[in-house]
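Subject: A structure for you to look at

Hello,

Here is the structure I promised to pass on. Have a look at it first, and then read on for what turned up in it.

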Amino acid sequence: MKGSDINNIVIVGGGTAGWMAAASLSRFFEGKSSVITLVESEQIGTVGVGEATIPGIRQFNYSLGIDEIDFIKKTNASFKLGIEFRDWYKPGRRFFHPFSDYGVSLQGVDFHHYVARLREAGAMIDLADFSFSTQMAQLNRFAQPHEQPPSSLADFNYAYHFDAGLYAAYLKKYAMNRGVVRKEGKVIDVNLRDDDGFIASVVLDSGETIAGQLFIDCSGFRGLLIEGALQTGYEDWRCWLPCDSAVAVQTDLFGEPSPFTRTTARDAGWQWQIPLQHRTGNGYVYASRFVDHDIAATTLLSHLDTEPINNPKRFDFVTGLRKKIWNKNCFALGLASGFLEPLESTSISLIQTGLSKLMQFFPDSHFNQCDIDEVNRLHRIEFERIRDFIILHYKATARNDTDFWRFCRGMEIPESLAHKIKLFESRGHIVMYDHEAFKKESWLSIYNGFHCQPQRYDSRADRMSMAELKSHLEKMQAAIAQAARQTMSHGDFIARHCQA
């Protein structure tokens, strides 16, 4: 920020991405002279179904100085301990991906190697029994982690489910109270500078021209600036992630909201269920080459817990990556920067990390190309790491009951992912590359959920006697189960602390 003379910023597009950008920039320029203008049109709808998050959203809200209880009440939020996967490995099977680790390392050896040792010896042991988050989720209970947990067994994280429209409105109020100017209108033209091709201004349907130094493209899939004006290019990843459509609908809340997102595998994709305080979000993400759109909509509607409260809405998309998130003086966020299907709730997280990169490498009027190149490099790496993690969910399935699942089992995968899988199957080693969005425990959750078992475990796990090992694990399991039973129900927790 020091010495920067960039202080006139134009954000094109509202919704979650636009108002997250506006809020962050208003905080970034706090106490400094700046003009931040956001252009949006009430006539242009937003996707608005990114209502499940991962724990990084808590840090984002904290960085803005947002009060958690106020945010939860204003957005009808509920809590999220992780994601339940139904019918992904095989029909009738389920597993849970928690925002927490499993057990604790013993004598410097990762916990799952001891589990592998016991399984090799014939013990029937469930990794889920050693995750506090998973045990709470199975009981439909919730507690906030202690700032200084008495044991690492009680250390866990959480995220939220919230109404995306209410969250955008919440950030809109936050940003406008800090001086962000909102302009109503559609962008009908983009003026480029003759000398270098940078964006000079945007023209609204009212005839007004808005000039700026830095432009943030939050215009959704179409990428009005990053693609429409600058023709940056896009990489299509449907060879690995074949789902290209979704149909979404909202229903009344059925019973008490669960403290997790549910995803259920269907014949040509998967269905989500996201419980908020006042309703439930539902959707079916599918591959249109394997199922007709009308059949997909019928499939979704036939698997709802309660009656719909609105009409189903369809979206078409291409999974992949914009070749540059930052091109000249244009920075793309949200759907304008690329799209990874919402299986692991990464859409809002990628907006957040995109903003983090922009703040870290915030430009001056020279727009140093090496800064831009580094941001693009880091963004690509992050996208590829998440891409591989999501591909694993499809590749590892044992399902062969439909053409879609047979395609997923047989498809070629990126070498970066193939290496990870081979090394885990060989010796239980979890490869971690730079800039991983998901940590070891998340990869372990998916490997374990899809029954990917290592051929051998870390030999250092043999240093502990079998009797001592069994005693350790029995105590761990008992402590976790007891602690989970002592928590209150998710619904009671919300009612007591943060009811909307």
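Let me start with a definition: a charge is said to sit over a ring if NZ of Lys or CZ of Arg is within 6 Å of the ring centre and within 35 degrees of the ring normal. Please also keep in mind that this is a predicted model.

With that in hand, go to R58. The charged end of this residue sits over the ring of Y158, at 3.9 Å from the ring centre. There is another case at R289, whose charged end is placed over the ring of F407, 4.5 Å from the centre.

Y158 also takes part in a cluster held by ring pairs, together with F71, F79, F142, Y160, F162, Y167, Y170 and F493. In total, the structure has 40 aromatic pairs. One of them joins F111 and F130: the ring centres are 5.1 Å apart and the planes stand at 55°, so this pair is tilted, as neither under 30 degrees (stacked) nor over 60 (edge-to-face) applies. Which parts does this pair tie together? F111 belongs to helix α4 (residues 111-120) and F130 to the loop between α4 and α5 (132-138), so the link spans parts that are 19 residues apart in sequence. F111 counts as buried, with 4% relative accessibility, and F130 counts as buried too, with 2%.

Next come two positions that carry an annotation. UniProt, in an unreviewed entry, gives "binding site" for K80, and it lists E344 under "binding site", again in an unreviewed entry.

K80 is part of strand β3 (residues 78-80). Is K80 buried or exposed? Its relative accessibility is 0%, so K80 counts as buried. Setting aside neighbours within four places in sequence, K80 is in contact with a list of residues that includes A52, T53, F99, Y158, Y160, H161 and S345. You will recognise Y158 and Y160 from the ring cluster.

E344 is located in the loop between β22 (338-339) and α9 (347-360). E344 also counts as buried, at 0% relative accessibility. Neighbours within four places aside, the contacts of E344 are I54, I83, F85, H97, F389, H393, F438 and I446.

For contrast, try K323, in the loop between β19 (320-322) and β20. This residue is partly exposed, with a relative accessible area of 46%. K323 and Q231 are 92 residues apart in sequence, while their C-alpha atoms are 9.9 Å apart in space. Apart from neighbours within four places in sequence, K323 touches T232, G233, Y234, E235 and R380, all of them in contact with it.

Now to the strands. One open sheet has six of them, in the order β8-β2-β1-β12-β21-β20, with mixed pairing. Its edges are β8 (181-184) and β20 (326-327), each of which pairs on one side only. Within this sheet, β12 (residues 214-217) and β21 (residues 330-332) pair in the parallel sense over three bridges, and F215 stands opposite C330 in β21.

Another open sheet has three strands in the order β9-β10-β11, paired antiparallel. Here β9 (187-192) and β11 (209-211) are at the edges with a single partner strand each, so one side of each has no neighbour in the sheet. From one strand to the next, the twist averages 25°. Five bridges hold β9 and β10 (residues 199-204) in antiparallel pairing, and L192 has I199 of β10 as its bridge partner.

Finally, take a look at strand β16 (residues 269-275). Why can β16 be called largely enclosed by the rest of the structure? Seven of its seven residues are buried, so the rest of the structure largely encloses it. β16 pairs with β15 (residues 261-266) in the antiparallel sense over five bridges, with T263 opposite W272 in β16. These two strands form a hairpin with two residues between them. β16 is also joined by seven bridges to β17 (residues 279-286), running antiparallel. There, W270 has V285 in β17 as its bridge partner, and β16 and β17 make a hairpin with three residues between them.

Enjoy exploring it!

Best wishes

Note on methods. Residues numbered from 1 in each chain as written. Predicted model: local features only at pLDDT ≥ 70, side-chain atom pairs only at ≥ 80, totals over all residues. Heavy atoms only, no water. Phe/Tyr/Trp six-rings, centres within 6.5 Å; stacked < 30°, edge-to-face > 60°. Helix = DSSP H or I, 4+ residues; strand = E, 2+ residues; numbered from the N terminus. Buried < 20%, exposed > 50% of the residue type's maximum accessible area, 1.4 Å probe, protein only. Pairing = 2+ DSSP bridges. Axes fitted to C-alpha atoms, helices over the stretch in contact; angles between N-to-C directions. UniProt positions renumbered as here; feature names shortened; annotations may be inferred. Contact = heavy atoms within 4.5 Å.
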